[in-house]
Amino acid sequence: MEMKDPIEEARRYLQNAKDILRDKAIKDGDFYTDSKYTRMAGNCMWNGCLIALKYALGLKAKRGQRLDIKDFQESASKRNKKLLNEVNEGYNIMHLSMGYDGTKDVGTIASGIKRMNNIIDWCEINAPRTLSDTTAKDKPRAKRTKTKKEE
């Protein structure tokens, strides 16, 4: 099975959430009309963030266990305080307010989308590079060997 790029996968989750909000939740002024779909969109967004964060932070669950929000917070706090703030706010908005409470507030949901974009962008910039990601100019140059005349 081909391994998908986690950053692109996270962006796909964001697009899916936007589609759910546009097509099913239906915006009416400052509110969406159906909390069932704002919950669905919030969960989709948060799962996309987790995919990007796991990849960028190198997090893996121990055998038989799941990663917890505290694992993400601890790892983010070691890397970047701004990222920690984004993760905390993203968790509060996408997972709790949207995913559990089903907020219908357009401003809150827009803030969640902004947080998700910020998290994905940070992960894209700071994710570990793989050989397939690098271009020829990124690769270190091989040392030039001396010819017999130069020795």
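**Helices in contact**

Q: Of the contacts in the protein with a separation of 6 or more, what percentage comes from residues 24 or more positions apart?
A: Keep in mind that this is a predicted model: local features need pLDDT of at least 70, side-chain atom pairs count only at pLDDT 80 or more, and totals for chains, interfaces and linings use all residues. Contact here means heavy atoms within 4.5 Å. For contacts with a separation of 6 or more, the share from residues 24 or more positions apart is 67%.

Q: In what pattern do the helices and strands follow along the sequence?
A: Residues are numbered from 1 along each chain as its sequence is written, and side-chain values use heavy atoms, with hydrogens and water left out. Helices (H or I, at least four residues) and strands (E, at least two) are DSSP runs, numbered from the N terminus. The protein has five helices and two strands. Read along the sequence, they give the pattern α-β-β-α-α-α-α.

Q: What percentage of the 151 residues in the protein is buried?
A: A residue counts as buried under 20% relative accessible area, as exposed over 50% and as partly exposed in between (1.4 Å probe, protein chains only). Counted that way, the buried share of the 151 residues is 35%.

Q: Which helix gives the most residues to the largest nonpolar core?
A: A nonpolar core is a set of buried Ala, Val, Leu, Ile, Met, Phe, Trp, Tyr and Cys residues joined through side-chain atoms within 4.5 Å. The largest one has 38 residues, with Leu53 and Cys123 touching the most other members. At least two residues each come from α1 (6-25), α2 (35-57), α3 (69-79), α4 (81-100) and α5 (106-126). With 11 residues, the helix that gives the most is α2.

Q: Which residues does leucine 53 contact, leaving aside its neighbours within four places in sequence?
A: In soluble globular proteins, nonpolar side chains tend to be buried together. Leucine 53 is one of the two residues that touch the most other members of the largest core. Its contacts beyond those neighbours are Gly58, Phe72, Leu83, Val87, Ile119 and Cys123.

Q: How are α1 and α2 oriented relative to each other, roughly parallel or roughly antiparallel?
A: Axes are lines fitted to C-alpha atoms, for helices over the stretch in contact, and angles run from 0 to 180 degrees between N-to-C directions. Angles under 35 degrees count as roughly parallel, over 145 as roughly antiparallel, 65 to 115 as roughly perpendicular and the rest as oblique. The axes of α1 and α2 come within 8 Å and cross at roughly 170 degrees. Therefore the two helices are roughly antiparallel.

Q: How many residues in the contact of α1 with α2 are nonpolar?
A: Ala, Val, Leu, Ile, Met, Phe, Trp, Tyr, Cys and Pro count as nonpolar, Asp, Glu, Lys and Arg as charged, and the others, Gly among them, as polar. The contact includes Ala10, Tyr13 and Ile20 of α1, and Met40, Ala41 and Ile51 of α2. Four of its residues are polar and two are charged, while the nonpolar ones number 16.

Q: What is the angle between the planes of tryptophan 46 and tyrosine 91?
A: Rings of Phe, Tyr and Trp (its six-membered ring) pair if their centres lie within 6.5 Å; planes under 30 degrees apart count as stacked, over 60 as edge-to-face and the rest as tilted. The count by this rule is one aromatic pair. Tryptophan 46 lies in helix α2 and tyrosine 91 in helix α4, so the pair ties together parts 45 residues apart in sequence. The pair is edge-to-face, 5.6 Å centre to centre, and the angle between the planes is 65 degrees.

Q: Is histidine 95 buried or exposed?
A: Histidine 95 sits in helix α4. Leaving out residues up to four places away in sequence, histidine 95 touches Asn43, Trp46, Gly90 and Tyr100. Because its relative accessibility is 18%, histidine 95 counts as buried.

Q: Is tyrosine 100 buried or exposed?
A: Tyrosine 100 also belongs to helix α4. Beyond residues up to four places away in sequence, tyrosine 100 touches Arg39 and His95. At 57% relative accessibility, tyrosine 100 counts as exposed.
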